[in-house]
Amino acid sequence: MQERLLDLLERLGTAINEERRKQGRSLSLHPTHYRILFYLSQCNRYSNTPQALASYLGLTKGAVSQSLRVLQEKGLILVRLDDRDRRVHRLYLTQKGHQVLQGLYPDTLRRAVASLSPEQVRAGEEILRSLLRRWQASRAYRPFGVCKHCRFFLKKDGKCYCNLTGETLSPKDAELICYHFQGGGSG
Ligand code: SF4
């Protein structure tokens with residue numbers, strides 16, 4: 001029974017990667033390039049570094065640097081030095097990068113997901129998230145959870161704060177994923 005679930009996961013992953021390969025052919029993009037663009041569209045301001053990205057993808061910094069060079073050459077991302085710490089590089093999606101991201105998931109798959117009921121979507125997300133968390137924990141990987149569910153997330157007088165950095169967070173920040181996320185929050 002467990003093998004069947006694992007097989008389903010693998011088949012879905014393979015199908016998505018295959019579709020992406022076809023879509024990205026004109027731009028010579030690989031599935032990893034799409035995953036980088038997706039990460040940069042979802043991560044917060046503490047997490048848009050090559051180090052955090054490598055950790056999210058489970059790749060070496062060398063492999064990530066190579067992909068970042070390709071994406072930079074294609075005008076899909078920008079690499080800038082951090083304003084406060086000039087040793088740190090920050091990664092940003094360009095407008096072209098955002099446009100390419102529109103094709104992240106094949107339309108056929110989007111339509112199939114849209115045909116599920118909201119309850120089915122919620123249940124599916126919960127099961128897959130739980131599976132991912134367990135696997136990440138077993139490999140001691142960082143969870144990269146959504147900020148509002150972090151134990152450092154604080155909401156006071158209608159405003160959001162990060163108890164780790166001491167900085168104010170916008171409502172949009174609260175929805176992004178973070179390199180420093182730690183579970184156990186109440187959000
Ligand atoms: S509250 Fe947690 S997830 Fe949000 S910015 Fe702070 S450390 Fe990151």
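Strands here are DSSP runs of E at least two residues long, and they are numbered from the N terminus. With that in hand, and keeping in mind that this is a predicted model, let's start at a small turn of the chain. Asp157 is found in the loop that links β3 (153–156) to β4 (159–162). Its phi is positive, about 50°, although Asp157 is not a glycine. How many C-beta neighbours does Asp157 have inside 10 Å? There are 4, and since 12 or fewer counts as exposed, Asp157 is exposed.

The two strands on either side of that loop belong to a sheet. Three strands make up this open sheet, in the order β3-β4-β5, and their pairing is antiparallel. Because β3 and β5 (168–169) each have a single partner strand, they stand at the edges, and one side of each is left without a neighbour in the sheet. Look now at where β4 meets β5: the two run antiparallel and are joined by two bridges. Here you can spot Tyr161 standing opposite Thr168 of β5.

Now head back toward the start of the chain, where there's another loop to see. This one sits between α1 (2–23) and α2 (31–42), and Ser28 lies in it. Ser28 isn't a glycine either, yet its phi is positive, near 55°. Is Ser28 buried or exposed? Ser28 has 9 other C-beta atoms within 10 Å, so it counts as exposed.

Carry on along the chain and you come to a pair of helices. Helix α3 covers residues 50–57 and helix α4 covers residues 61–73; they pack at an angle of about 110°, and their axes are 9 Å apart. Angles from 65 to 115 degrees count as roughly perpendicular, so that is how α3 stands to α4. Which residues meet where the helices touch? From α3 come Pro50, Gln51, Leu53, Ala54 and Leu57, while α4 brings Lys61, Val64, Ser65 and Leu68. Sorted by class, this contact has six nonpolar, two polar and one charged residues.

Last stop: the ligand. The residues around the ligand include Asn44 and Tyr46, along with a run of others further down the chain, among them Cys147, Cys150, Phe152 and Phe153. Also there are Cys162, Leu164, Thr165, Cys178, His180 and Phe181. What classes of residue make up this shell? Nine are nonpolar and three are polar, with no charged residues around the ligand.

Conventions
Residues numbered from 1 in each chain as written. Predicted model: local features only at pLDDT ≥ 70, side-chain atom pairs only at ≥ 80, totals over all residues. Near = placed C-beta within 6 Å. Nonpolar A, V, L, I, M, F, W, Y, C, P; charged D, E, K, R; others polar. Helix = DSSP H or I, 4+ residues; strand = E, 2+ residues; numbered from the N terminus. Buried ≥ 20, exposed ≤ 12 C-beta atoms within 10 Å, placed from the backbone. Pairing = 2+ DSSP bridges. Axes fitted to C-alpha atoms, helices over the stretch in contact; angles between N-to-C directions. Parallel < 35°, antiparallel > 145°, perpendicular 65-115°, else oblique. Contact = placed C-beta atoms within 7 Å.
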